[in-house]
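Thanks, everyone. Please have a look at the model on the screen, and then I'll walk you through it.

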Amino acid sequence: MLGYITIALSLLVTGLGMTSQARKNYLGKSTRGLSLIYFILLAISYSFWVFYGISKKDLVLIIPMSVGAVVSYVILFQIYYYGSNSNKSSYKKPPPRAVF
């Protein structure tokens, strides 16, 4: 029973949270503000959890971590496809603060 609750909660977090980010990227055709390193590490981490779950034959690990891995790779593809150059070129240094 606890395993099913864990799967449901994990799918809710990865399924809703990360897919909403992927959807936002798709609709805006931009990944501005996203950290490439973060999503690389996230994809690697999810992938290793999937491999570990497979080695243990543990569906509680395999199912939600597979969703997280797939969505992480989708977002990485979006970062590549929409271009990381647009992220850098749109950054503007804030003006200096007035000193009183």
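From the N terminus on, the elements run α-α-α-α. That makes four helices and zero strands. Keep in mind that this is a predicted model.

Some overall figures. The protein has 100 residues, and 30% of them count as buried. Its accessible surface comes to about 7600 Å². Carbon and sulfur atoms account for 70% of that surface. Now the contacts. Take those between residues at least 6 apart in sequence: 78% of them join residues at least 24 apart.

Let's start with helix H1, which covers residues 2-28. Asn25 is found in this helix. Is Asn25 buried or exposed? It is buried, because its relative accessible area is 2%, and the cut-off for buried is under 20%. Which residues does Asn25 touch, leaving out those up to four places away in sequence? The list is Ser30, Thr31, Leu34, Ile75, Gln78 and Tyr82. Remember Tyr82 from that list; the name comes back with the aromatics.

Next stop, Tyr26 and Lys29. The charged end of Lys29 sits over the Tyr26 ring, and the distance to the ring centre is 3.6 Å.

On to helix H2, residues 36-56. Leu36 lies in this helix. Its relative accessible area is 41%, so Leu36 is partly exposed: the class runs between the 20% limit for buried and the 50% limit for exposed. What does Leu36 touch, not counting residues up to four places away in sequence? Two residues: Leu76 and Ile79. Leu36 and Leu76 are 40 residues apart along the chain, yet 7.3 Å separates their C-alpha atoms.

Leu36 also belongs to a nonpolar patch on the surface. Who else is in that patch? Ile37, Ile40, Leu41, Ile44, Phe48, Phe51 and Ile54. Together with Leu36, they have about 810 Å² of accessible area. How can Leu36 be in a surface patch if it is just partly exposed? Patch residues need over 30% relative accessible area, and Leu36 is at 41%, so it passes that cut-off.

Now the aromatics. How many aromatic pairs does a search of the whole structure find? Five. One of them is Phe48 with Phe51, and this pair is edge-to-face. The centres are 6.4 Å apart, with 90° between the planes. Both residues lie in helix H2, three residues apart, about one turn of the helix. Phe48 is exposed, and Phe51 is exposed as well. You have met both already, as members of the nonpolar patch.

Trp49 and Tyr52 make another pair. Their ring centres are 5.9 Å apart and their planes stand at 85°, so this pair is edge-to-face too. The angle is the reason, because over 60 degrees counts as edge-to-face. Trp49 and Tyr52 are also both in helix H2, three residues apart, about one turn of the helix. How exposed are they? Trp49 has a relative accessibility of 41%, so it counts as partly exposed. Tyr52 has 42%, so it is partly exposed.

Last of the aromatics: Phe77, Tyr81 and Tyr82 form one cluster. Here is Tyr82 again, the residue that Asn25 touches.

To recap: buried Asn25 in helix H1, and a nonpolar surface patch that includes Leu36, Phe48 and Phe51. That's my tour. Questions, please.

Note on methods. Residues are numbered from 1 along each chain as its sequence is written. This is a predicted model: local features need pLDDT of at least 70, side-chain atom pairs count only at pLDDT 80 or more; totals for chains, interfaces and linings use all residues. Side-chain values use heavy atoms; hydrogens and water are left out. Patches are made of residues with over 30% relative accessible area and no salt bridge: like charges are joined within 9 Å, nonpolar side chains (Val, Leu, Ile, Met, Phe, Trp, Tyr) within 5 Å. Accessible areas come from the Shrake-Rupley method with a 1.4 Å probe; for residues, only the protein chains shown count as cover. A salt bridge is a side-chain nitrogen of Lys or Arg within 4 Å of a carboxyl oxygen of Asp or Glu. Helices (H or I, at least four residues) and strands (E, at least two) are DSSP runs, numbered from the N terminus. Buried means under 20% relative accessible area, exposed over 50%, partly exposed in between (1.4 Å probe, protein chains only). Rings of Phe, Tyr and Trp (its six-membered ring) pair if their centres lie within 6.5 Å; planes under 30 degrees apart count as stacked, over 60 as edge-to-face and the rest as tilted. A charge sits over a ring if NZ of Lys or CZ of Arg is within 6 Å of the ring centre and within 35 degrees of the ring normal. Contact means heavy atoms within 4.5 Å.
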